[in-house]
Amino acid sequence: TGGALANPLPPSKYLSALYEMPYLHQASLSVERTFLENLRVMTAYTMMRGRDQIRARNLNAPASGGLHPIRPDPSLGNVTAIESTGRTEIDRFMVNVNYAIPEKRLFMGGNYQLGRANNYADNPFSLPADNYNPDAEWGPSLQDIRHRMFAMVNFGVPWAMRLGIFTQAQPASPYNIITGIDSNRDTVVNDRPEGVKRNAGRGSASWNLNARLSKSFGFGPQRESTGAPQVRRVGGGGRRSGGGPMMMMMENSNNRYRVEFYLQAFNILNRVNYQSYVGNLLSENFGLP
């Protein structure tokens, strides 16, 4: 009551403006070397370049600001064009170290990754803050984690069991900072403060410590022994950790079949790792997870 009546927005629509098929070029170079028979070191560099990537733009965004914005076609609302004009750049440098002492049933490993990831949009349907300058959206992607670290130690404990301790850490991930006001009147509240680039905010670093206690049993017919402990690959800490595959020793056995029981605990120190930071300047929770 007492407020001004808002004019309803005319119908909006989507249209395809895909002129080229998106493609991705990838190149990698790695070097691996073994030292002192027990120490294995690998370094790798990976470069990925995406061209003609999909992004969106509002072709009917208001051409002028103020209280009475003018749309190129007043009979329509937003006309979202899906275009193949985007670009992505990803660079990663990784160092992986594995050290094993079979006679002591000990294995240690570590992985460090330095990287960057830039693009124009984190979602192919995300509209730019300024539809008349979509290239201003170039900036870090939500996956732009500059440093990632993963380390583990696995060793034998009494009763023929094995204990593995894993840790992973990474610095803050980016988030977008917006004014919270639709200044250009395009009905999309994604306007950023002047001079602030897309995904310019950074949250807080995360770190956790995990543990795995396991015991395996061999059964079935015997087969010829290789004289070496069995080795299997384990993940580098999950989908978002960025750690590469690591090797983990298992007890030597000549049995054809094996069954393993394990007890696994994540974040055993109960550390709070904050996520999903608020980037709206008008929110009382701005800058908080």
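User: How many salt bridges does the structure hold?

Analyst: The structure, which is a predicted model, holds 12 salt bridges.

User: What makes the meeting of the Asp91 and Arg49 side chains a salt bridge?

Analyst: The side chains of Asp91 and Arg49 come to 3.2 Å, N to O, and since a salt bridge asks for such a pair within 4 Å, the name applies here. Asp91 belongs to strand 4 (residues 79-101) and Arg49 to strand 3 (residues 39-58), so this pair ties together parts that are 42 residues apart in sequence. Both Asp91 and Arg49 are buried.

User: Why is Asp122 called partly exposed, and why is Arg198 called buried?

Analyst: Asp122 has a relative accessible area of 35%, which is neither under 20% nor over 50%, so partly exposed is the fitting term. Arg198 has a relative accessible area of 4%, and because this is under 20%, Arg198 counts as buried. The side chains of Asp122 and Arg198 meet in a salt bridge of 3.1 Å, N to O. This pair links distant parts of the chain, with Asp122 in the loop between strand 5 and strand 6, and Arg198 in the loop between strand 9 and strand 10, 76 residues apart.

User: How do you know that Glu137 and Arg192 count as buried?

Analyst: Glu137 has 8% relative accessibility and Arg192 has a relative accessible area of 17%; each value is under 20%, so both residues count as buried.

User: What joins the side chains of Glu137 and Arg192?

Analyst: The side chains of Glu137 and Arg192 meet in a salt bridge of 3.1 Å, N to O. Glu137 is in the loop between strand 5 and strand 6, whereas Arg192 is in the loop between strand 9 and strand 10, so the pair ties together parts that are 55 residues apart in sequence. Elsewhere, salt bridges that share partners join Arg49, Arg87, Glu89, Asp91 and Arg116 into one network.

User: How do you know that Arg148 has no salt bridge?

Analyst: The nearest side chain of opposite charge, that of Asp144, is 8.2 Å away from Arg148, and because a salt bridge needs a distance within 4 Å, none is counted. Arg148, which is buried and sits in strand 7 (residues 147-157), has a side chain joined to that of Gln170 by a polar contact of 3.3 Å.

User: Why is Leu114 called partly exposed?

Analyst: The relative accessible area of Leu114 is 38%, which is neither under 20% nor over 50%, so the residue is partly exposed. Leu114, in strand 5 (residues 106-119), forms a nonpolar surface patch with Tyr45, Phe93, Tyr112 and Met149, and together these residues have about 410 Å² of accessible area.

Note on methods
Residues numbered from 1 in each chain as written. Predicted model: local features only at pLDDT ≥ 70, side-chain atom pairs only at ≥ 80, totals over all residues. Heavy atoms only, no water. Helix = DSSP H or I, 4+ residues; strand = E, 2+ residues; numbered from the N terminus. Buried < 20%, exposed > 50% of the residue type's maximum accessible area, 1.4 Å probe, protein only. Lys, Arg positive; Asp, Glu negative; His and termini not counted. Polar contact = N/O pair within 3.5 Å; in protein donor to acceptor, adjacent residues only side chain to side chain. Patch = residues over 30% accessible without salt bridge, like charges linked within 9 Å, V, L, I, M, F, W, Y side chains within 5 Å. Areas by Shrake-Rupley, 256 points an atom, 1.4 Å probe, with all protein chains shown as cover.
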